[in-house]
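User: Hi! I have a structure here and would like to go through the reasoning behind its labels. Could you walk me through it?

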Amino acid sequence: MNIILLGPPGAGKGTQAQRLVAERGMVQLSTGDMLRAAVAAGSPVGLRAKAIMDAGQLVPDDVVIGIISDRLDQPDVAKGAIFDGFPRTTAQADALDSLLADKGLRLGAVIALTVDEDALVDRITGRYACATCGEGYHDRYKQPKQDGVCDICGGTTFKRRPDDNADTVRARLAEYHAKTAPIADHYGQRGLVRNVDGMAEIDAVYSQIVMILDERVTSS
Ligand code: AP5
């Protein structure tokens, strides 16, 4: 099944996507991760995107639609794609509809993580990740079992994102409200949106998501 995880910055999209990859063998398609890889590689896309991302604004639609289109051509998406951070505008949602139809793929659900925005700055400024495997952690809410050692790969080096500061988070939230939140209607009209309480503990959020996926599999 292919799903979209929808929610503002810090809602927990990446955290839940990583778990679905680990436990259900799905494939995470994070446009944020893809753009950060392009920035790190110094590619033309990365050079175009870097300043926009650092300012907390959205990268132009043609850039991200191109990235997702190329990614959907890879065979592993047959295992079930998790769209994490895409689509983010109505133009991107329209493009995704066309891409999925062209490739004979179907969208099973749009899982909207609902959160208290006062918590988001705290969540994002406390976030870090393993520099080796990318596993996500938080200073308070999700620490490695052994201090300074990644639970997944044993790596001992961690990194923080340059856009994870309070000012940029506020800019990202403004972009979310202006351009991304309206796409819930795009999918709501088709009965695809399911709200999940993103303020629950990480395990409880995951349980809610899995329940929705299992219901959708049974009913399809
Ligand atoms: P992107 O990388 O997509 O960032 P984002 O949407 O701002 O989302 P985040 O990654 O910040 O949050 P998340 O929801 O994944 O939260 P997480 O699980 O990490 O985009 C970055 C930039 O790239 C954009 O600003 C834009 O410039 C560009 N971009 C990307 N896609 C684009 C597109 N389609 N179009 C145009 N531009 C695009 O959780 C956050 C923290 O909270 C973690 O530390 C986690 O451990 C903790 N946490 C998670 N869940 C819980 C919980 N239930 N309780 C307590 N703590 C929790």
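**Helix α3 and the ligand shell**

Analyst: Happy to! This is a predicted model. Let's start with a packing statement: the buried residues of α3 pack against α2 and α7 (166-180).

User: Which residues of α3 are called buried?

Analyst: Helix α3 spans residues 44-54, and Gly46, Ala49, Ile52 and Met53 are its buried residues. The label buried stands for under 20% relative accessible area.

User: What makes the buried residues of α3 line one face of the helix?

Analyst: Looking down the axis of α3, you find its buried residues within an arc of 135°, so they line one face. There is a general background to this: an α-helix has 3.6 residues a turn, so residues three or four places apart point the same way.

User: And which residues are exposed on the other side of α3?

Analyst: There you find Pro44, Leu47 and Ala51, which are exposed. That label asks for over 50% relative accessible area. Just to finish the helix, α3 is followed by Gly56, which has a positive phi, near 80°.

User: Why does Arg71 count as buried?

Analyst: Arg71 has 16% relative accessibility, and the cut-off for buried is under 20%, so Arg71 counts as buried. Arg71 sits in helix α4 (residues 61-72). Setting aside neighbours within four places in sequence, Arg71 is in contact with Val27, Leu29, Met34, Asp76 and Val77.

User: Now the ligand. What makes the pair between Gln92 and the ligand a polar contact?

Analyst: An N or O atom in the side chain of Gln92 is 3.0 Å from a nitrogen atom of the ligand, and a polar contact is a pair of N or O atoms within 3.5 Å. The pair at Gln92 therefore meets the cut-off. With Arg36, an N or O atom of the side chain is 2.9 Å from an oxygen atom of the ligand. For Gly14, a backbone N or O atom lies 2.8 Å from a ligand oxygen atom.

User: How much of the ligand does the protein bury?

Analyst: Taken alone, the ligand exposes 1,000 Å², and the protein buries 95% of that.

User: How many residues surround the ligand, and which are the closest?

Analyst: The ligand is surrounded by 34 residues, the closest being Thr15, Gln57, Arg88, Arg127 and Arg172. By type, the shell holds 14 nonpolar, eleven polar and nine charged residues. Its largest share, four residues, comes from α2.

Conventions: Residues are numbered from 1 along each chain as its sequence is written. This is a predicted model: local features need pLDDT of at least 70, side-chain atom pairs count only at pLDDT 80 or more; totals for chains, interfaces and linings use all residues. Side-chain values use heavy atoms; hydrogens and water are left out. A residue is near a molecule or strand if one of its heavy atoms lies within 4 Å of it. A polar contact is a pair of N or O atoms within 3.5 Å; within protein, one must be able to donate a hydrogen and the other to accept it, and residues adjacent in sequence count only if both atoms are side-chain atoms. Accessible areas come from the Shrake-Rupley method with a 1.4 Å probe; for residues, only the protein chains shown count as cover. Helices (H or I, at least four residues) and strands (E, at least two) are DSSP runs, numbered from the N terminus. Ala, Val, Leu, Ile, Met, Phe, Trp, Tyr, Cys and Pro count as nonpolar, Asp, Glu, Lys and Arg as charged, and the others, Gly among them, as polar. Buried means under 20% relative accessible area, exposed over 50%, partly exposed in between (1.4 Å probe, protein chains only). The arc is that of the directions from the helix axis to the C-beta atoms. Contact means heavy atoms within 4.5 Å.
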